[in-house]
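Me: Please take a close look at the salt bridges of this model, and at the parts of the chain in which their partners sit. I would like one connected account, with the burial of the residues kept in view.

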Amino acid sequence: MANPSAIDALKQAIPNGVFSECGEELYETLNGSYLSGFESDLKPSWIVQPRTKEDVAAFLKTISSHSDSLTFAVRGGGQQPLPGSANIQDGITLDLRLLTGIDIGNGVVKVGAGERWGSVYEKLGTDGLAVAGGRSATNGIGGLALEGGLSFFSSGEGFICDNVVNYEVALASGEIVNANANDNADLWIALKGSGNNLGIVTRYDLRTFKQGQIWGGFLFYFAPTFPSQLEALVHVLHDPVESKRTHLMISIGYSAMFGSDVMCLNQPYYLDAVTNPPVLDVFSKMQPQIDALNTMRLHTVAEAATEQAGGVQSQVRCAYMNITVKADVATLQAATDIYTGGLGPVKSVEGLTASFTMQPYPVSLTEQSEATGGNSLGLKPPDGPLVSLLLLSYWRNRSDDDTVINFMKEVLEKMKQDAASREQLVPFVYMNYAWTHQDPINSYGAENKKRLQKASKKYDPEGLFQKACPGGFKLFP
């Protein structure tokens, strides 16, 4: 349990903060508002909500003097299902939701750490602008902007972290600094992929661009068509023009709402205001499909993100896992067969929605990462076009956790071994989608890991974020 003297010290240091103790009504509301039940299972002793960056700095300065007896977690949006990534058992969870504010000017939007992407898109949209941010309106800012982050616009703009021109960061010492290309540049690059290892970011300044409506949506179809979708995905990824103007997600899986059959879902987007762009015909006009569930249309970025948020279940059991492979049809088909072949034993799990989703990393994405200063993720244009293989599952009951998690681990390991045997496996593990048995930091490569460790020793010399903030993925053994 949290040390009472530490709580007293925090209340003195943050007099305007909101403190909620386990058992209180506000506490129960906040702790019950994570995407995944795995996070809400954890019960911190206290939830602390700072109102300003100075409050965050005071929190860290105070915690540092009690770090031998106190642990903490940092929550932005609480949308990453990894247990412990934004919550902690018996410690203190610092919930940043009151750090709001969206300011637009000079080609940049400055976003408070407690905002959600939907609000950002709404405000930018009134000025005909957009930003490479999260695809779901309810996603928080930090998890995506510190761990990579995929956007509708990633094909042309890079990862979300590549679009951060400045991080305002509270360091373990209590000092507040800016990290950008000119000031603390080593910290700026390190933060782009570091997760919660180097400080608490209180504001994100991101590059904006002119943007009108986009074409896209959801459509459901049937398994016999899926092989042609894999071929089309790889074909588009090898087209340097079309891959830059599209954002594609293709999925196959199972949901009880569709009966016993495996079903398929495409979420294709074209990033200009073009109705029925020919490049998306293969992904949106196949037959048979469930015509009544086809939502392809022109809409704003804010509307697209709202639709994405509507497709996500919250406060159920939820887990993600992933690997990365080269854009190779045979490898993708083999992974599909492995996944669908393993679904049988878990179809009886109550409330199960299980999906195998493929999301591309075109060469234009990694080229943009380099063009904007680089990041810590380790992907390079010579790697060629790549595909993220994501397993995501939602289910109802805690008693089924082991059944679903073991299924996911087993099929992912088989996919990994198969891709390696074809020499198509890429080491990269995307942190936003990683589970407890995965090691995204190591997957960035030895040089990047060493650079992250160097930044940690410089900006957190006492190792506060390694020892007292144990959740997520750490930089040292």
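Reply: What follows takes the salt bridges one after another and then turns to the elements around them.

The model is a predicted one, and the count of salt bridges in it comes to 14. One of them brings together the side chains of K53 and E168, with 3.4 Å from N to O. Because K53 belongs to helix α4 (residues 53-64) and E168 to strand β8 (residues 164-170), this pair ties together parts of the chain that lie 115 residues apart in sequence. The surroundings of the two partners are not alike: K53 is partly exposed, at a relative accessible area of 31%, whereas E168 is buried, at 7%. With the limit for burial set at under 20% relative accessible area, E168 at 7% falls within the buried class, and K53 at 31% falls between the limits for buried and exposed.

The second pair to consider is D186 with K458, whose side chains meet in a salt bridge of 2.9 Å, N to O. Here two helices are involved, since D186 lies in α8 (residues 185-191) and K458 in α17 (residues 446-459), so that the bridge ties together parts separated by 272 residues in sequence. D186 counts as partly exposed, at 33% relative accessibility.

A third bridge joins R245 to D272, with 2.6 Å from N to O. This pair, too, links distant parts of the chain, for R245 sits in helix α10 (residues 242-245) and D272 in the loop between β14 and α11 (281-284), 27 residues apart. R245 is partly exposed, with a relative accessible area of 27%, and D272 counts as partly exposed as well, at 32% relative accessibility. Elsewhere, salt bridges that have partners in common join D41, R317, R398 and D401 into one network.

Some of the elements that carry these partners lead on to other parts of the fold. Helix α4, which holds K53, lies across β3 and β4 (92-95), and its direction makes an angle of about 160 degrees with that of β4. Both strands belong to an open sheet of four strands, in the order β1-β2-β4-β3 and with mixed pairing. At the edges of this sheet stand β1 (18-21) and β3 (72-75), each of which pairs on one side only. On average, neighbouring strands of the sheet are turned by 20 degrees against each other, if direction is ignored. At the β1 edge, β1 pairs with strand β2 (residues 46-49) in the antiparallel sense over four bridges, and S20 has I47 of β2 as its bridge partner.

Helix α8, in which D186 lies, is preceded by a loop from β9 (176-180), and N184 has its place in that loop. The phi angle of N184 is near 55 degrees, a positive value in a residue other than glycine, and the residue is partly exposed, with a relative accessible area of 28%. N106 likewise has a phi near 55 degrees, positive although the residue is not glycine. N106 is found in the loop between β5 (102-105) and β6 (108-112), and it is exposed, at a relative accessible area of 84%.

Strand β14, after which comes the loop with D272, also belongs to the surroundings of helix α12. Of the 10 residues in α12 (residues 301-310), seven are buried, and the helix is mostly covered. These buried residues are V301, A302, A304, A305, E307, Q308 and A309. They pack against α5 (117-125), β7 (129-131), β11 (214-216), β13 (246-255), β14 (263-270) and β15 (297-299). In the loop between α11 and β15 lies P288, which is joined to Q287 by a cis peptide bond with omega about 0 degrees.

A last residue to place is A334, in helix α13 (residues 329-342). A334 counts as buried, at 12% relative accessibility. Leaving aside neighbours within four places in sequence, A334 is in contact with D418 and R422. Between A334 and L248, which are 86 residues apart in sequence, the distance in space is 20 Å from C-alpha to C-alpha.

Technical notes
Residues numbered from 1 in each chain as written. Predicted model: local features only at pLDDT ≥ 70, side-chain atom pairs only at ≥ 80, totals over all residues. Heavy atoms only, no water. Buried < 20%, exposed > 50% of the residue type's maximum accessible area, 1.4 Å probe, protein only. Contact = heavy atoms within 4.5 Å. Salt bridge = Lys/Arg side-chain N within 4 Å of Asp/Glu carboxyl O. Pairing = 2+ DSSP bridges. Axes fitted to C-alpha atoms, helices over the stretch in contact; angles between N-to-C directions.
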